[in-house]
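Got your viewer open? Load the model, pick a cartoon view, and keep the selection box handy.

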Amino acid sequence: MNTVISAIALDYPPDKLHVYLSDDGGCSVTLEAMKEAWRFAKGYWVPFCRAYGIKTRCPEAYFLGEEGNTESSSGSELMADRERVKVINDVSFDEASQEDDGEEMPVLVYVSREKRPSLPHHFKAGALNVLLRVSAMISNSPYILVLDCDMYCNDPTSARQAMCFHLDPKISPSLGFVQFPQKFHNISKTDVYDSQLRNVLWQGMDGLQGPCVSGTGFYIKREALYANPIKDVDVMELKQYFGPSNEFIKSFGRHYTPKDHQHSSSVGFLYLSVVEDYFTGLVNLHCKGWKSVYCDPARPAFLGAGTTNLNDVLVQSTRWSSGLVEVALSRFCPLIYVPKKMSALQTMCYGEQAFFPFYFLPLWCFATIPQLCLLNGIAVYPEASNWFFMVFSFVFLSSLSKHIQEVLSTGGSMSSWINEQRMWMIKSVTCHLYGCLDAIMKRLGMREASFMTTNKVIDDEQTRLYQTGKIDFQTSIMLLAPLVILTIVNVVSFVGGITRAMVAGKFSDMFIQVFLSLFIVTMGYPVIEGMILRKDKGRIPPSVTILSVLVSTIFLSLGSLVLIVFLK
């Protein structure tokens with residue numbers, strides 16, 4: 001409801017602004033809450049914001065003072081009105097007397113679509129397409145803001161900022177959407193889960209044909225979602241693609257239909273992948289010649305709630321990984337689906353994202369094979385005196401240095417770099433692994449598409465652990481066990497290997513393997529702490545530790561046996 005109210009209060013002509021709320025749950029509580037939010041916004045909140053030039057127009061954020069309230073005036077009148085609105089905000093709106101002073105307001109529409117087990121509803125993409133169709137019948141606005149339920153409008157002028165691009169005659173004809181960055185109001189100083197989603201790729205793509213669609217916080221041109229314009233199309237043919245509604249056909253203004261005249265699945269947000277934003281941006285926008293703009297103003301246009309526990313981070317990343325690999329394994333793979341209207345560099349950017357989850361392959365190799373050889377006294381890297389050692393060191397250190405430079409240049413710290421590095425390793429050996437397996441199983445028809453949602457309710461204990469910089473290990477065994485197993489393998493290999501190398505006088509031969517194990521153990525220190533030192537609710541359960549010890553023992557024993565047989 002705070003998101004809805006902040007959208008209603010945007011600094012934009014009310015007669016040109018329509019707000020649509022999609023409730024896929026079809027919950028009557030949501031409908032009633034929306035009605036109360038509307039009454040509060042019309043009777044109190046919007047008049048208050050307009051009268052005093054309030055910048056933070058999300059009630060919850062404003063009264064918590066999260067983003068520094070900036071009013072155009074101050075004084076006793078402001079404070080009196082502020083307290084009055086705060087009291088009304090804190091109680092049920094029905095208990096307050098409503099004021100109707102003729103305040104001009106945007107239209108607010110509640111949309112809930114029917115779902116049937118026998119028919120696919122296509123998750124978020126399906127909901128967005130329903131909103132696209134409903135809004136065409138009611139307002140048919142030429143520009144659309146897509147906003148997630150947990151992300152509110154932090155800057156009331158964001159629509160005007162986006163229109164500066166959309167109405168620029170130099171870029172408007174080919175501009176499909178304006179993407180604002182995803183930023184969050186609840187990120188702690190340590191940001192132990194790397195929830196801020198710092199992404200320099202978007203800035204790089206902005207110098208090409210523009211960034212990908214990020215799923216939320218973007219103003220998109222309706223025309224860009226209607227495929228390719230053509231002339232003299234028979235109305236009956238359009239109805240075959242878009243349904244029998246005459247009013248909906250009229251909403252097109254010009255006639256739009258898919259280029260291949262096969263079906264309407266190429267209109268709107270696409271259904272192949274659960275990451276509908278990435279897939280739609282690739283196939284329906286950039287591949288068809290549309291461009292985008294990355295707008296990153298000093299004051300964040302939108303603020304959301306970042307994930308503050310390990311379970312939500314891993315579930316969310318697994319879903320993203322699965323969706324990206326679905327595209328990579330389809331005929332729309334960016335490396336082979338090469339349209340003439342997209343540059344080679346833009347194609348490479350999309351390809352990097354689609355194949356990013358396959359990082360799990362080298363990460364699993366680097367986390368196990370050198371360590372297993374170290375434990376058995378087998379050198380797999382050049383010794384320190386070999387000039388190849390310098391090459392290896394240069395590549396490794398230059399990669400780390402580049403990452404550090406990116407973090408520091410975007411306002412991060414060394415602790416931010418450590419957490420990003422740690423979470424990249426954690427996600428690679430868990431989320432990316434399971435995401436790739438999930439996508440492959442879907443491709444083989446062994447599994448149906450699913451949409452794993454993240455929890456929107458913040459637990460007090462999870463918040464406390466997050467704010468203190470401690471990882472909350474309350475997640476499924478499937479997601480947690482690989483972390484614990486790999487940490488145990490590296491600790492045993494490091495201790496056993498360095499002891500063996502020193503006794504045999506071969507430390508120089510094993511230096512890189514010793515360093516690699518030490519690096520992984522250092523990055524995995526929170527896992528060691530969660531197994532041994534911590535006693536709080538977020539520790540690693542003893543059952544997971546015992547299971548991981550057994551699996552690690554079997555892996556090290558069988559691995560050593562295989563190496564002995566292979567060497568013989």
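What follows is a walk through a predicted model, stop by stop.

**Stop 1: the whole chain**

Start with everything displayed. The protein chain has 21 helices and 11 strands, and of its 568 residues 50% count as buried. Switch on a surface if you like: the chain exposes about 27,100 Å², with carbon and sulfur atoms supplying 62% of that. For contacts between residues at least 6 apart in sequence, 79% join residues at least 24 apart.

**Stop 2: rings**

Show the aromatic side chains. The count comes to 26 aromatic pairs. Select Phe48 and Tyr62, an edge-to-face pair with 5.9 Å from centre to centre and 75° between the planes. Phe48 sits in helix α2 (residues 28-52) and Tyr62 in helix α3 (residues 59-64), so the pair ties together parts that are 14 residues apart in sequence. Both Phe48 and Tyr62 are buried.

Now jump to Tyr359 and Trp424. Their ring centres are 5.5 Å apart and the planes make 85°; why is that edge-to-face? Planes over 60 degrees apart count as edge-to-face, so at 85° this pair gets that label. Tyr359 is in the loop between α12 (344-355) and α13 (360-375), while Trp424 is in helix α15 (residues 414-429), so parts 65 residues apart in sequence are tied together here. Tyr359 is partly exposed at 35% relative accessibility, and Trp424 is partly exposed too, at 28%.

Before moving on, go back to Phe48 and Tyr62 and add Phe40, Tyr44, Trp45, Tyr52 and Phe63: these residues form one aromatic cluster.

**Stop 3: the nonpolar cores**

Which residues have the most contacts inside the largest nonpolar core? Select Tyr193, Leu310, Phe473, Leu480, Val484 and Ile540; the core itself has 43 residues. Helices that each supply at least two of its residues include α11 (310-328), α14 (387-409), α16 (431-443) and α19 (511-523). The largest share, six residues, comes from α18.

Centre on Leu310 and show what surrounds it. Leaving aside neighbours within four places in sequence, Leu310 is in contact with Tyr193, Met423, Ile471, Asp472, Phe473 and Thr475. Apart from this core lies another, of 41 residues, with Ile8, Leu175, Cys295 and Ala301 among them.

**Stop 4: a nonpolar patch outside**

Back to the surface. Colour Leu329, Ile440, Met441, Leu444 and Met446: together they form a nonpolar patch with about 460 Å² of accessible area. Ile440 belongs to helix α16 and is partly exposed, with a relative accessible area of 35%.

**Stop 5: two positive phi values**

Most residues other than glycine have a negative phi. Select Asp191, which has a positive phi of about 45° although it is not a glycine. Then take Asp194, another non-glycine with a positive phi, near 55°. Asp191 is in the loop between β6 (183-184) and α7 (201-206), and Asp194 is also found between β6 and α7. Are they buried or exposed? Buried means under 20% relative accessible area, so Asp191 at 5% counts as buried, and so does Asp194 at 14%.

**Stop 6: Cys287**

Next, zoom to Cys287, in the loop between α10 (276-285) and β10 (291-294). Cys287 is buried, with a relative accessible area of 8%. Its contacts, not counting residues up to four places away in sequence, are Gly281, Leu282, Tyr337, Pro339, Lys341 and Met342. Try a distance label from Cys287 to Pro334: their C-alpha atoms are separated by 9.8 Å, with the two positions 47 residues apart along the chain.

**Stop 7: salt bridges**

How many salt bridges does a search of the whole structure find? It finds 14. Select Asp11 and Arg160, whose side chains meet at 3.6 Å, N to O. Asp11 is in the loop between α1 (2-8) and β1 (18-22) and Arg160 in helix α6 (residues 158-166), so this bridge ties together parts 149 residues apart in sequence.

Now pick Lys124. Its side chain meets that of Asp148 in a salt bridge (3.0 Å, N to O), and it also meets that of Glu276 (4.0 Å, N to O). The pair with Glu276 links helix α10 to helix α5, 152 residues apart. Glu276 counts as buried at 5% relative accessibility, whereas Lys124 is partly exposed at 23%.

Finish on Asp24, Arg113 and Lys115, which are linked in a network of salt bridges.

Key
Residues numbered from 1 in each chain as written. Predicted model: local features only at pLDDT ≥ 70, side-chain atom pairs only at ≥ 80, totals over all residues. Heavy atoms only, no water. Phe/Tyr/Trp six-rings, centres within 6.5 Å; stacked < 30°, edge-to-face > 60°. Helix = DSSP H or I, 4+ residues; strand = E, 2+ residues; numbered from the N terminus. Buried < 20%, exposed > 50% of the residue type's maximum accessible area, 1.4 Å probe, protein only. Core = buried A, V, L, I, M, F, W, Y, C linked by side-chain atoms within 4.5 Å. Contact = heavy atoms within 4.5 Å. Patch = residues over 30% accessible without salt bridge, like charges linked within 9 Å, V, L, I, M, F, W, Y side chains within 5 Å. Areas by Shrake-Rupley, 256 points an atom, 1.4 Å probe, with all protein chains shown as cover.
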